[in-house]
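Thanks for coming. I will go through one model this morning, starting with its pockets and ending at the surface.

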Amino acid sequence: MKAVFLDKDGTLVDAPPYNVEPRHVRLVSGAGAALRLLARLGYRFFVVANQSGIAHGCFGEEAMAPLAQRLAELLLGEQLRLEGFYYCPHHPLGTVGAYARSCACRKPAPGMLLKAATEHAIDLRASWMIGDILHDVEAGNRAGCRTLLIDNGNETEWRLGPRRVPTRMAPDLYAAAVLIAGHDEARGAAH
């Protein structure tokens, strides 16, 4: 299976801070068309999201199931299927004891992608990680995926490094899907 791993806030959905209230979650403009294009190419969809609001006490982990359900419903409304929802509740500077720690799942670590790959038999080399900050890019690169940075202004630090260089960059999710389709077409023609 080949997958597209999607960051949640700022990539798949509009990004008010710590947005976990299902009725306020909205897909970014063009998301449905973008993901339908990728689905036609055989990609399956997985959300991989840092949810440090849990570690900071902004909301509890019980907020994740309704959020995952809302994302699945939004995609279903676009004739798409969400195959998996993975989240990291940790943050090393958190205030909630059980979650206030470093971990292997918080992006830029690749833990969520690796877990999804194991659980769903995903070919990481044939997959993409799409996100709006370089931590997403680094997580995808460390997992062995191709990576795409949505350059929508959410990356503010631009701390570059060898694992923080995306395969491609695009201004929005639809443009990202078109680039991935073109990348796949070029690779297919080369083989």
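**Pockets, backbone and salt bridges**

By class, the residues lining the largest pocket are 6 nonpolar, 7 polar and 7 charged. Before going further, please keep in mind that this is a predicted model.

The volume of that largest pocket is about 520 Å³. It has 20 lining residues, and those closest to the centre of the pocket are Asp7, Asp9, Asn50, Ser52 and Ile133. Which elements give two or more residues to this lining? They are strand 2, residues 43–50, and helix 4, residues 134–143.

Next, the second largest pocket. Its space comes to about 160 Å³. The lining consists of Ile133, Leu134, His135, Asn154, Glu155, Thr156, Glu157, Arg159 and Arg164. Divided by class, that lining gives 2 nonpolar, 3 polar and 4 charged residues. Ile133 deserves a second look, since it is named among the residues closest to the centre of the largest pocket and also lines the second largest one.

Now the backbone. I have three places to show.

The peptide bond that runs from Lys107 to Pro108 is cis, and its omega is near 25°. If you want to find Pro108 on the screen, look in the loop between strand 3, residues 82–88, and helix 3, residues 111–120.

The second place is Gln79. Its phi is near 60°, which is a positive value in a residue other than glycine. Gln79 sits in the loop between helix 2, residues 64–76, and strand 3. Is Gln79 buried or exposed? Gln79 counts as exposed because its relative accessibility is 62%, and the cut-off for that class is over 50%.

The third place is Ala121, again not a glycine, with a positive phi of about 50°. Ala121 is found in the loop between helix 3 and strand 4, the latter being residues 128–131. With a relative accessibility of 58%, Ala121 counts as exposed.

On to the salt bridges. How many are there by the rule used here? The count comes to 13 salt bridges. I will take three pairs and then a network.

The first pair is Arg23 with Glu21, where the closest N and O atoms are 3.3 Å apart. Arg23 is exposed, at a relative accessible area of 57%. Glu21 is partly exposed, at 36%.

In the second pair, the side chains of Glu83 and Arg81 meet at 3.6 Å, N to O. Which of these partners is buried? Glu83 is, because its relative accessible area is 17%, and buried means under 20%. Arg81 counts as exposed, with 60% relative accessibility. This salt bridge therefore joins a buried residue, Glu83, to an exposed one, Arg81.

The third pair is Asp123 with Arg125, and here the closest N and O atoms are 3.8 Å apart. Asp123 has 31% relative accessibility, so it counts as partly exposed. Arg125 is exposed, with a relative accessible area of 66%.

As for the network, salt bridges link Lys2, Arg146 and Asp184.

Let me move to a nonpolar feature at the surface. Which residues make the nonpolar surface patch of about 330 Å²? They are Trp158, Leu160 and Met169. Met169 belongs to strand 6, residues 168–170. Its relative accessible area is 41%, so Met169 is classed as partly exposed. A residue in a patch needs over 30% relative accessible area, and with its 41% Met169 therefore passes that cut-off.

One last residue, and this one is inside. Leu173 is part of helix 5, residues 173–190. Leu173 has a relative accessible area of 3%, so it is buried. How far is Leu173 from Arg70? In sequence they are 103 residues apart, and in space the C-alpha to C-alpha distance is 19 Å.

To recap the places I would look at on the screen: the largest pocket, of about 520 Å³; the cis peptide bond from Lys107 to Pro108; the positive phi values at Gln79 and Ala121; and the nonpolar patch made by Trp158, Leu160 and Met169. That is where I will stop.

Conventions
Residues numbered from 1 in each chain as written. Predicted model: local features only at pLDDT ≥ 70, side-chain atom pairs only at ≥ 80, totals over all residues. Heavy atoms only, no water. Patch = residues over 30% accessible without salt bridge, like charges linked within 9 Å, V, L, I, M, F, W, Y side chains within 5 Å. Areas by Shrake-Rupley, 256 points an atom, 1.4 Å probe, with all protein chains shown as cover. Salt bridge = Lys/Arg side-chain N within 4 Å of Asp/Glu carboxyl O. Helix = DSSP H or I, 4+ residues; strand = E, 2+ residues; numbered from the N terminus. Buried < 20%, exposed > 50% of the residue type's maximum accessible area, 1.4 Å probe, protein only. 1 Å grid on protein atoms, 1.4 Å probe; cavity = no way out; pocket = protein on both sides within 12 Å on 5 of 7 lines; lining within 4 Å. Points joined across faces, edges and corners; volume = space filled by probe spheres on them. Nonpolar A, V, L, I, M, F, W, Y, C, P; charged D, E, K, R; others polar.
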